[in-house]
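Work through the exercises below with the sequence and the model side by side. Each task is followed by a solution in steps.

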Amino acid sequence: MIQGIPLEHFLIVSTLMFFIGVCGFIIRRNLITMLMAIELILNSVNINFVVFNRYLYPDQLQGQFFSLFIVGIAAAEASVAIALIINIYRKLQNIDVENVNEMKY
Amino acid sequence: MFYMFSGIILICSLLTITTRRILRAAVYLLCVLLATAGLYFMLKYQFMAAVQLTLYAGGIVVLIIFSILLTHHISHLFEKPDLTKLIMGISAAVIGSVMVIATLLTHPFQAGSTTELPVDMTEIGNQLLSTGKNGYVLPFELISILLLAAMIAAIVIAKKDKNKNSEI
């Protein structure tokens, strides 16, 4: 135990954060805000990996590596998503999800 | 200390999805990421906390703020989300979180061996690039190729089309 805090408290925090992200992803219509909700979700998964690594397998580094890879994937995803968003804004002058169906062919 | 960090995380992540000004949402997201780095420091994973601070709080939030400034007026307010969507989202979140928390409170977690590995940069670098036991060189190479592909894709997507530009 680290400073007397049980494992479950970390997991409850990350679970609540995950579902706040899911809720934000559903109720928002703006593409950038949805991207921020995805960042919240990925961040909560990161907390889970790191906490499991520290509490259950402190002699290994697997959870840390997975968190590092998730951070890298989040960076790649954010860059591509923002390039797409800027392109959509140039074409449509706003970035609500309802208007993006013009990209269908 | 832990409860302060988790309070900051929960309140700021709620504010991120409920505030009606998008730039404030980005700043609240920055607070969430900084508090998460604080949690990593508490768990004595200095390297993860540094990665979190530089990549997430430094890189991704700056990228998001850039794109907000390119695509919005500062004073732009969101309209309120419609009621059915609000109900659906909140109920999905509440049901999911109740189920997950109930499951993890009843699951017995068994701690592994108590010998803690001293986590330093040398150890992380050696394991990340070794091909032997606990080696992670294949995912490392995969993620580097993914990052390269994402960079090229971002440039190609965001590039202006020369022919269309001349027409306009």
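**Exercise 1. Compare the end-to-end reach of H2(B) with the expected value, then examine the residue that follows this helix with a positive phi.**

Solution. Step 1: H2(B) has 21 residues, and the distance from its first C-alpha to its last is 31 Å. Step 2: the expected span of a helix is 1.5 Å times one less than its number of residues, and for H2(B) the reach is close to the expected 30 Å. Helices (H or I, at least four residues) and strands (E, at least two) are DSSP runs, numbered from the N terminus. Step 3: just after H2(B), B:Lys44 takes a positive phi of about 65°, although B:Lys44 is not a glycine. Step 4: B:Lys44 belongs to the loop between H2 and H3 of chain B. Step 5: B:Lys44 counts as partly exposed because it has 14 C-beta neighbours inside 10 Å. The cut-offs are 20 or more other C-beta atoms within 10 Å for buried, 12 or fewer for exposed, and in between for partly exposed, with C-beta atoms placed from the backbone.

The model is predicted: local features need pLDDT of at least 70, side-chain atom pairs count only at pLDDT 80 or more, and totals for chains, interfaces and linings use all residues. Residues are numbered from 1 along each chain as its sequence is written, while chains are lettered from A and ligands numbered from 1 in the order in which they are written.

**Exercise 2. Which elements of chain B have the lowest and the highest mean pLDDT?**

Solution. Step 1: pLDDT is the predictor's confidence in each residue, from 0 to 100. Step 2: chain B has a mean pLDDT of 83, with 88% of its residues at 70 or more. Step 3: among the elements of chain B, the lowest mean, 54, belongs to helix H7 (residues 162–167), and the highest, 90, to H2(B). Step 4: where pLDDT is low, the predicted coordinates should not be read in detail. Step 5: for the complex, the predictor gives an ipTM of 0.88 and a pTM of 0.86.

**Exercise 3. Describe the make-up of each chain and the burial of its residues.**

Solution. Step 1: chain A has three helices and zero strands, whereas chain B has seven helices and zero strands. Step 2: the radius of gyration of chain A, taken over C-alpha atoms, is 18 Å, well over the 13 Å that the globule rule gives for 105 residues, so chain A is more spread out than a compact globule. The globule rule is 2.2 Å times the number of residues to the power 0.38. Step 3: the C-alpha trace of chain A spans about 55 × 25 × 20 Å along its principal axes. Step 4: of the 105 residues in chain A, 52% are buried; of the 168 residues in chain B, 21% are buried. Step 5: H4(B), residues 83–106, reaches 35 Å from its first C-alpha to its last, close to the expected 34 Å. H4(B) is hardly covered, with two buried residues among its 24 residues.

**Exercise 4. How many residues does each chain give to the contact, and which helix of chain A has the largest share?**

Solution. Step 1: two residues are in contact if their C-beta atoms, placed from the backbone, lie within 7 Å. Step 2: 61 residues come from chain A and 69 residues from chain B. Step 3: on the side of chain A that touches chain B, two or more residues come from each of the helices H1 (7–27), H2 (31–55) and H3 (62–92). Step 4: H3(A) has the largest share of this side of chain A, 21 residues. Step 5: the residues of the side of chain A that touches chain B divide into 44 nonpolar, twelve polar and five charged. Here Ala, Val, Leu, Ile, Met, Phe, Trp, Tyr, Cys and Pro count as nonpolar, Asp, Glu, Lys and Arg as charged, and the others, Gly among them, as polar.

**Exercise 5. Place A:Met36 in the largest nonpolar core.**

Solution. Step 1: a nonpolar core is a set of buried Ala, Val, Leu, Ile, Met, Phe, Trp, Tyr and Cys residues joined through C-beta atoms within 7 Å. Step 2: the largest such core has 60 residues, of which A:Ile32, A:Met36, B:Ala26 and B:Leu29 touch the most other members. Step 3: H2(A) gives the most to this core, with 13 residues. Step 4: A:Met36 lies in helix H2 of chain A and counts as buried because it has 28 C-beta neighbours inside 10 Å. Step 5: not counting residues up to four places away in sequence, A:Met36 touches B:Thr16, B:Ala25, B:Ala26, B:Leu29 and B:Ile64. Step 6: with neighbours within four places in sequence left aside, the contacts of A:Ile32 include A:Ile85, A:Ile95, B:Ile22 and B:Ile64.
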